Amino acid sequence: MERRKFLKNSTAVTASLISVPLMASSLENAKRETSNNGESKAVRPIVICTWDFHKASAKAWDVLKDGGNSLDAVEEGVKIEEADVDNQTVGVGGRPDRDGNVTLDACIMDKNGNCGAVLAMQNIAHSISVARKVMERTPHVMLAGKGAEQFAYEMGFEKTDLLTEKSKQEWLEWKKTSKYEPIINIENHDTIGMLAIDKDGDISGACTTSGMAYKMAGRVGDSPIIGAGLFVDNEIGGATATGVGEEVVRTVGSFLIVELMRQGKSPQAACEEGVKRIIAKNKDKQDFQIGFIAINKKGETGGYCIHPGFTYRTYSEEGHVNNPSESYLHS
Ligand code: SD4
């Protein structure tokens, strides 16, 4: 396919697959925890994740409230979405690439700056756990494709068919036209990025996805790329992203947000600046969604996106809250 045409189509596909239409009721029920200056309250331990993944954040909170560490919390938390066949953007049940293969991307980062990632890995349900094994059991940071899958088997992971009948039927339907119009906020689920601070004040993060639906074989987005889809610096804070991965990579978004926090910005202000950097590089094209979330060492959180519709969950002693994110554009 002609490159320009593909890029146009892929932007459309991505834009159609990255966002969530909030049920009106969940928006109404959502409330944002803020202090007087509009920034979030500092609270630790705390977990924050992209979108309204209440079960995943509840699982991570269970780990934290029982005194567990942030690394276990984020791994256990995002595994809930990886196992959920109804989430068609993560793990089992994820939408396949153009050839009908479900390929998963994931990365994880701990308090010491250790990190691990798997890219375009097939047939393994819990890509985040394989990423953790890459971090802990190899001298490497990233394993891709067949190598990642082989490593997973060596680590005892089982072969799993990731393509559900629902995702297969939708893919077969898509093949009839292979075409999408850009529609923002069309889905019910999305990539999960999660950050947590434990009782010792240590920060970890995880990000996992099946990426852009019907992507080219071998396409990898931002989610498994340290610095783009996820970054943690235990002295400062962490950030993670959801949305059109190509744009997040171009801006090294999560690293940027952590560096902005290092310079003194709050998590909220840093996320806003991160989105504005992406907008600045796309003056003529705004029909795509990006959402960033961030946390700092104090336990303050923030989130920001391009188009309305993005939310993020926080869970702490203060409660379990679905926070509607402020957006750069308003309609
Ligand atoms: C990607 N960032 O592969 C991911 C897309 C995403 O749910 O967030 N999808 O580009």
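**Close-up 1. W51 sits in the loop between β1 and α3.** In this predicted model, the loop that holds W51 leads from β1 to helix α3, which spans residues 54-65. Have a look at the backbone here: W51 has a positive phi of about 60 degrees, although it is not a glycine. Is W51 buried or exposed? Its relative accessible area is 2%, and under 20% counts as buried, so W51 is buried.

**Close-up 2. Y214 lies in the loop between β6 and β7.** The strand on the far end of this loop, β7, covers residues 230-233. Y214 is not a glycine, yet its phi is positive, at about 60 degrees. With a relative accessible area of 2%, Y214 is buried.

**Close-up 3. A cis peptide bond joins R44 and P45.** The omega angle of this bond is about -10 degrees. To find P45, follow the chain into the loop between α2 (24-29) and β1 (46-50).

**Close-up 4. Eight strands make an open sheet.** In which order do the strands of this sheet lie? Going across, you meet β4, β3, β2, β6, β5, β1, β11 and β12, and the pairing is mixed. The edges are β4 (142-144) and β12 (319-324), each of which pairs on one side only. From one strand to the next, the twist averages 10 degrees. Helix α4, residues 70-83, packs on this sheet and touches β2 (104-109), β5 (192-197) and β6 (203-209). The direction of α4 makes about 155 degrees with that of β5.

**Close-up 5. β11 pairs with the edge strand β12.** Here you can follow β11, residues 311-316, alongside β12. The two strands are antiparallel and share 6 bridges. For a landmark, pick out R313, which stands opposite N322 in β12.

**Close-up 6. Strand β9 is largely enclosed by the rest of the structure.** Why can β9 be called largely enclosed? The strand runs over residues 290-296, and 7 of its 7 residues are buried, so the rest of the structure largely encloses it. In a regular strand, side chains alternate between the two faces of the sheet. On one side of β9 you will find I290, F292, A294 and N296, and on the other G291, I293 and I295; all of these are buried.

**Close-up 7. β9 has antiparallel pairings with β8 and with β10.** Strand β8, residues 237-243, is joined to β9 by 7 bridges. G237 stands opposite N296 of β9. Strand β10, residues 301-305, pairs with β9 over 5 bridges, and C305 in β10 is the bridge partner of G291. β9 and β10 form a hairpin, with 4 residues between the strands. One residue to look for in the turn is G299, whose phi is positive at about 100 degrees.

**Close-up 8. The ligand is surrounded by 13 residues.** Which residues are the closest to the ligand? They are T89, D190, T191, R219 and D222. A polar side-chain atom of D222 lies 2.6 Å from a nitrogen atom of the ligand. T242 also offers a polar side-chain atom, 3.0 Å from an oxygen atom of the ligand. At G243 the polar atom belongs to the backbone, and a ligand nitrogen atom is 2.8 Å from it. Taken alone, the ligand exposes 290 Å², and the protein buries 99% of that.

Terms used
Residues numbered from 1 in each chain as written. Predicted model: local features only at pLDDT ≥ 70, side-chain atom pairs only at ≥ 80, totals over all residues. Heavy atoms only, no water. Pairing = 2+ DSSP bridges. Axes fitted to C-alpha atoms, helices over the stretch in contact; angles between N-to-C directions. Contact = heavy atoms within 4.5 Å. Buried < 20%, exposed > 50% of the residue type's maximum accessible area, 1.4 Å probe, protein only. Near = heavy atom within 4 Å. Polar contact = N/O pair within 3.5 Å; in protein donor to acceptor, adjacent residues only side chain to side chain. Areas by Shrake-Rupley, 256 points an atom, 1.4 Å probe, with all protein chains shown as cover.
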